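User: I would like to go through this model and ask, for each label, what it rests on. Please set the values against the cut-offs.

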Amino acid sequence: MAAVIFALLCFILSVVPRATVAPPTDGTLRLPDVIIIGVRKGGTRALIEMLKLHRDVVAAQNEVHFFDWDSHYLRGTDWYISQMPYARPGQLTVEKTPAYFTSGRVPERILRTQPDARLLLIVREPTERLLSDYTQVFHNRLEKRKRQQTLETLLMRNGELNLDYKALNRSLYHVHLRRWLDVFPRSRLHLVDGDALIRDPLPEMKKVEEFLQLEPQINASNFYFNQTKGFYCLRDRRHERCLHRSKGRKHPRVAPEILQKLYDYFREPNQKFFQLAGRTFDWK
């Protein structure tokens with residue numbers, strides 16, 4: 001008897017069409033209103049997840065790489081729009097691709113495609129960002145069983161810093177920011193302090209709300225400190241979630257003399273960045 005019932009259920013499931021999830025009747029796909037342009041390992045994932053706490057924000061699920069990958073850019077604007085979530089009237093659509101910040105052709109491409117976009121740039125202390133960058137690549141290579149290189153091997157050359165190391169160049173914020181400010185007015189770009197966002201996310205998110213002209217909604221109840229993970233997690237409509245386990249990985253141990261070389265090297269570039277940004281950061 002049980003076998004007969006099972007067979008009948010299988011037959012019913014095979015002939016009854018499955019329901020499809022329809023897009024919201026009052027929602028549309030459109031170009032993003034807000035683009036998080038970087039910086040890589042600056043806290044872009046945390047920023048977009050915290051932005052999604054706001055009811056008037058919807059975000060693309062993945063990094064789109066439309067403006068920096070020719071293979072995507074050549075697909076055209078319609079393809080780009082198709083990668084966005086449905087948004088209701090009054091909602092802001094957000095996408096993030098951290099590689100945009102350091103790609104030379106991206107600012108002009110965004111200007112041509114979405115000249116009204118508001119830009120968010122989150123930065124961290126340059127040496128910390130570099131270490132996070134190396135750590136991510138290290139674990140990615142580990143998962144793919146590729147040969148590993150120590151940080152010292154990549155970073156040092158004949159006793160001096162290897163200025164060709166990509167992770168080091170990504171931390172030269174003034175070089176990249178100047179290119180963006182040649183295309184967009186300073187008023188269109190908001191800087192988020194990634195180190196402050198880790199320590200105490202609410203003040204930074206209130207500044208983001210204000211820049212995006214969003215109704216104040218994000219509040220202290222949206223954050224709680226996870227003692228096990230050692231950083232803030234999110235609480236949204238009774239649901240709690242933390243960032244992926246890949247976030248907050250321990251950095252490799254670095255010899256104090258190499259760290260000092262990095263701090264000394266970034267000192268002048270940091271000052272140039274502060275002048276361009278019109279603000280300072282509490283960096284070493």
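The questions below take up the overall build, the disulfide, the cavity, a pocket and four single residues.

User: What kind of model is this, and how many helices and strands does the protein have?

Analyst: The model is predicted. The protein has 12 helices and 10 strands. Of its 284 residues, 45% are buried. The accessible surface is about 16,000 Å², and 53% of that belongs to carbon and sulfur atoms. Among contacts between residues at least 6 apart in sequence, 75% join residues at least 24 apart.

User: Why are C233 and C242 called a disulfide?

Analyst: The label needs two cysteine sulfur atoms within 2.5 Å. The sulfur atoms of C233 and C242 are 1.8 Å apart, so the pair meets the cut-off. The structure holds 1 disulfide.

User: What makes the disulfide of C233 and C242 right-handed?

Analyst: The torsion about the S-S bond is about 100°, and the disulfide of C233 and C242 is therefore right-handed.

User: Are the two cysteines, C233 and C242, buried or partly exposed?

Analyst: Buried means under 20% relative accessible area, and partly exposed runs from there up to 50%. C233 has 0%, so C233 is buried. C242 has 27%, so C242 is partly exposed.

User: Which residues line the largest cavity, and what is its volume?

Analyst: The volume of the largest cavity is about 50 Å³. A search of the whole structure finds 1 cavity of 30 Å³ or more. Its lining consists of A46, E49, M50, Y232, C233, L234, R241, C242 and L243, and thus includes both C233 and C242, which form the disulfide. Helix 2 (44-51) and strand 9 (231-236) each give at least two residues to that lining.

User: How many residues of each class are in the lining of the largest cavity?

Analyst: The lining has 7 nonpolar, no polar and 2 charged residues. Cys counts as nonpolar, while Glu and Arg count as charged.

User: What is known about the second largest pocket, and which residues are closest to its centre?

Analyst: The second largest pocket has about 220 Å³ of space. It is lined by 13 residues, and Y134, V137, R141, L154 and Y165 are the closest to its centre. Helix 6 (126-143) and helix 8 (166-170) are the elements that give two or more residues to this lining. Helix 6 gives the most, with 5 residues. By class, the lining of this pocket has 6 nonpolar, 2 polar and 5 charged residues.

User: Why is V34 called buried?

Analyst: The cut-off for buried is under 20% relative accessible area. V34 has 0%, so V34 is buried. V34 is found in strand 1 (residues 34-38). Leaving aside residues up to four places away in sequence, V34 touches L92, T93, V94, E95, R118, L120 and L212. V34 and L92 are 58 residues apart along the chain, with 7.1 Å between their C-alpha atoms.

User: Why is D56 called partly exposed?

Analyst: The relative accessible area of D56 is 22%. Buried would require a value under 20%, and exposed a value over 50%, so D56 is partly exposed. D56 sits in the loop between helix 2 and strand 2 (57-59). Among the residues D56 touches beyond four places in sequence are G90, Q91 and L92. The C-alpha atoms of D56 and R88 are 8.5 Å apart.

User: What makes T102 partly exposed, and where does T102 lie?

Analyst: T102 has a relative accessible area of 27%, and that makes T102 partly exposed. T102 lies in the loop between strand 3 (92-96) and helix 5 (106-113). Outside four places in sequence, T102 touches R170, H176 and R179.

User: Why is P252 called partly exposed, and which residues is P252 in contact with?

Analyst: P252 is at 29% relative accessible area, so P252 counts as partly exposed. P252 lies in the loop between strand 10 (239-241) and helix 12 (256-277). Apart from neighbours within four places in sequence, P252 is in contact with L131, Y134, T135 and L151. P252 and L151 are 101 residues apart in sequence, and 8.0 Å apart in space from C-alpha to C-alpha.

Methods. Residues are numbered from 1 along each chain as its sequence is written. This is a predicted model: local features need pLDDT of at least 70, side-chain atom pairs count only at pLDDT 80 or more; totals for chains, interfaces and linings use all residues. Side-chain values use heavy atoms; hydrogens and water are left out. Buried means under 20% relative accessible area, exposed over 50%, partly exposed in between (1.4 Å probe, protein chains only). On a 1 Å grid over the protein atoms alone, a cavity is a set of points where a 1.4 Å probe fits but cannot get out, and a pocket is an open set with protein on both sides within 12 Å along at least five of seven lines; lining residues have an atom within 4 Å of a point. Grid points are joined across faces, edges and corners, and a volume is the space filled by probe spheres set on the points. Helices (H or I, at least four residues) and strands (E, at least two) are DSSP runs, numbered from the N terminus. Contact means heavy atoms within 4.5 Å. Accessible areas come from the Shrake-Rupley method with a 1.4 Å probe; for residues, only the protein chains shown count as cover.
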